[in-house]
Amino acid sequence: MLALVERLYPICRSLTGDGVRETLSILGEHVSMEVHEVPTGTPVLDWTVPREWQIRDAWVEGPDGKRVVDFAESNLHVMGYSTPVRARMPLAELREHLHTLPDHPDWIPYRTSYWKEAWGFCLAHRVLEALPEGDYEVCIDSSLEEGHLTYGELFLPGEKEDEVLIHTHVCHPSLANDNLSGIAVAIRLAERLGERRHRYGYRFLFVPGMIGPITWLARNEAVLPRIRHGLVLALLGGPGRFVYKRSRRGDADVDRVAAHVLGQTAEVRDFEPYGYDERQYCSPGFDLPMGRLTRAPHGEFAEYHTSADNLSLVRPERLEASLDAVEAIFVGLEGDGVYLNRSPKGEPQLGRRGLYGSLGGGTEGRQRERALLWVLSLSDGTHSLLDVAERSGLPFPAVREAAEALLEHDLLSGAS
Ligand code: ZN
C-alpha cells in the first residue's frame, strides 16, 4: 500500500483533468476498473459537471528575475482550478493572490477555488516574509475548458444481488494521508475480495470529492435500491485512532457492526451533515446506509491540507491496521444472519456432539462454549448473529464460528 501511495504522490490531481486519469490508469494495473468520462455541462442533481482543468506550469519571478515560487517543485504551489494568468505586478497586488500558514511558516497550504473563478499561489509563510518590494512576473499556464469529469468504478459481483458501496476520493494533488491512504486501502481491499467468495457484490468508487458522488448518484439511481451497506474511506494512514462516523440513519447494520468490531480501537461519532462525501450518500433523498471510517478526521491533525501531509506522515503499519479494520467490518456484514435453534426445548446435548467440554476448559474453550449457548439462546428467528455479539459482548468471529458449528450439527437452520 505504501508503494502505491509513493507512486501516486507526485501526480497533480484535481476535480478533473489528466492527473485523475493518470491516477486511475495506475490503479488499473492492480484492479480492472471501468473509467467513466462525463462531459462538462452535464446536469447532475442540483449541480453541473464543471469545466476540465489542466495545469502545465506555474511560477512567480522576483524583481531580480529569480523564481520564488515554482509549480515544478511542489504542485501545492498553485491553487487548484486557478484560471490562467500571465502578468507583471507589484508585490502589494500579488499578495492578494498568495496563501500561507503563519502558524506553520515552513508548510505550504493546499487551496482550491473550484466554484469561483480565481487564481492564486500557495507558499511557505517564511518565503512570503522574505519577498522584497518590487515588480513580480506571474505565470499560471492552465486551462479551464469543455472536457470531462473522470471517475473510476470497480464492481466485484457477489452471490447475492445486494451490494456494498465503497467510496474514496481521488482529487487531491501531492497530499499523502488525505487522499492516497484511502485509495491504497480501497485497492488492497478490492484485491483481497477478488481472491475469495463473498455474498455481497462490492462496488468501489474512485471519484473526485463532492461533485464525484453527486455525478455518480445522478447516473446510478437504479443501483441504489441494491445497496445494503457502505463506507466512505479516507485519512487511513495518518495519526490518531480510528474514528467511525455513523450513517444518517444511525442504526444501519454497518453502524452497528463497525462499532462492535472496532470496539475500543475506535471513537464512534454520530452523523452530521458536514464532513466528507458521506454528505451526498446520506442526503435525505438517498439516505444510504453509508458510514465513514478515518483516523484523525479532516481538520483534526495539524498537517491536514498542507505540504506536511507528505509521505512521512503515512506509516505502513497504520495502513495495514486500517485495512484489517475495514476487512473486519465486512467480515461482520458478510457473516451476519438470522437463524433458528432446531432444538429449543432445553439445551441440546452439546457434549454428545463433541461441541462442549472438549477443549478442557481453557479461556478459549469457555469463550467457544459461551458463544454456542448464546447463539442457541437467541436464534429464535428474530435475532441476528450481530444481536448475539452485541448482547453477549463476544467477538463477532467467535459468534460466527459457533453458528457454523451448530449448522454443521443440524442444531441450527437458516431463518428466511
Ligand atoms: Zn481533503
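The following dialogue explains how to read several features of this predicted model.

User: Which conventions apply to the model and its numbering?

Analyst: Residues are numbered from 1 along each chain as its sequence is written, and side-chain values use heavy atoms, with hydrogens and water left out. The model is predicted: local features need pLDDT of at least 70 and side-chain atom pairs count only at pLDDT 80 or more, whereas totals for chains, interfaces and linings use all residues.

User: Which residues are the protein donors of the zinc ion?

Analyst: Donors are N, O and S atoms within 2.8 Å of the metal (3.2 Å for Na, K and Ca); water is not among the atoms, so sites may look incomplete. Here the protein donors are His172 (NE2), Asp178 (OD) and His305 (NE2), at 2.0 to 2.1 Å from the zinc ion. Their spacing in sequence is H-x5-D-x126-H. Asp178 belongs to helix α5 (residues 176-194) and His305 to the loop between β16 (290-294) and α9 (316-335), so this pair ties together parts that are 127 residues apart in sequence. Helices (H or I, at least four residues) and strands (E, at least two) are DSSP runs, numbered from the N terminus.

User: Are Asp178 and His305 buried or exposed?

Analyst: Buried means under 20% relative accessible area, exposed over 50%, and partly exposed in between (1.4 Å probe, protein chains only). Asp178 is buried, with a relative accessible area of 0%, and His305 is also buried, at 18%.

User: How should the packing of two helices be read, and at what angle do α5 and α9 cross?

Analyst: Two packed helices are described by the angle between their axes and the distance between the axes. Axes are lines fitted to C-alpha atoms, for helices over the stretch in contact, and angles run from 0 to 180 degrees between N-to-C directions. The axes of α5 and α9 come within 10 Å and cross at roughly 50°. That makes α5 oblique to α9, given that angles under 35 degrees count as roughly parallel, over 145 as roughly antiparallel, 65 to 115 as roughly perpendicular and the rest as oblique.

User: Which residues of α10 and α12 meet, and how do these helices cross?

Analyst: The axes of α10 (residues 363-378) and α12 (residues 396-408) come within 8 Å and cross at roughly 70°. That makes α10 roughly perpendicular to α12. Contact means heavy atoms within 4.5 Å. Gln367, Arg368, Ala371, Leu372, Val375 and Leu376 in α10 meet Ala398, Val399, Glu401, Ala402, Ala403, Ala405 and Leu406 in α12.

User: Which residues of α7 are buried, and what do they pack against?

Analyst: In α7 (residues 253-262), the buried residues are Val254, Asp255, Val257, Ala258 and Leu262. They pack against β13 (227-233), β14 (242-245), β15 (266-269), β16, α9 and α11 (385-392). Gly263 follows α7 and has a positive phi, near 50°.

User: Where does Ile329 lie, and which residues does it contact?

Analyst: Ile329 lies in helix α9 and counts as buried, at 0% relative accessibility. Leaving aside neighbours within four places in sequence, Ile329 is in contact with Leu231, Val254, Val257, Ala258, Val261, Leu262 and Leu293. Ile329 and His260, 69 residues apart in sequence, are 8.8 Å apart in space, C-alpha to C-alpha.

User: Where does Arg203 lie, and is it buried or exposed?

Analyst: Arg203 lies in strand β12 (residues 201-207) and is buried, with a relative accessible area of 9%. Beyond neighbours within four places in sequence, the contacts of Arg203 include Glu153, Glu163, Trp216 and Arg226.
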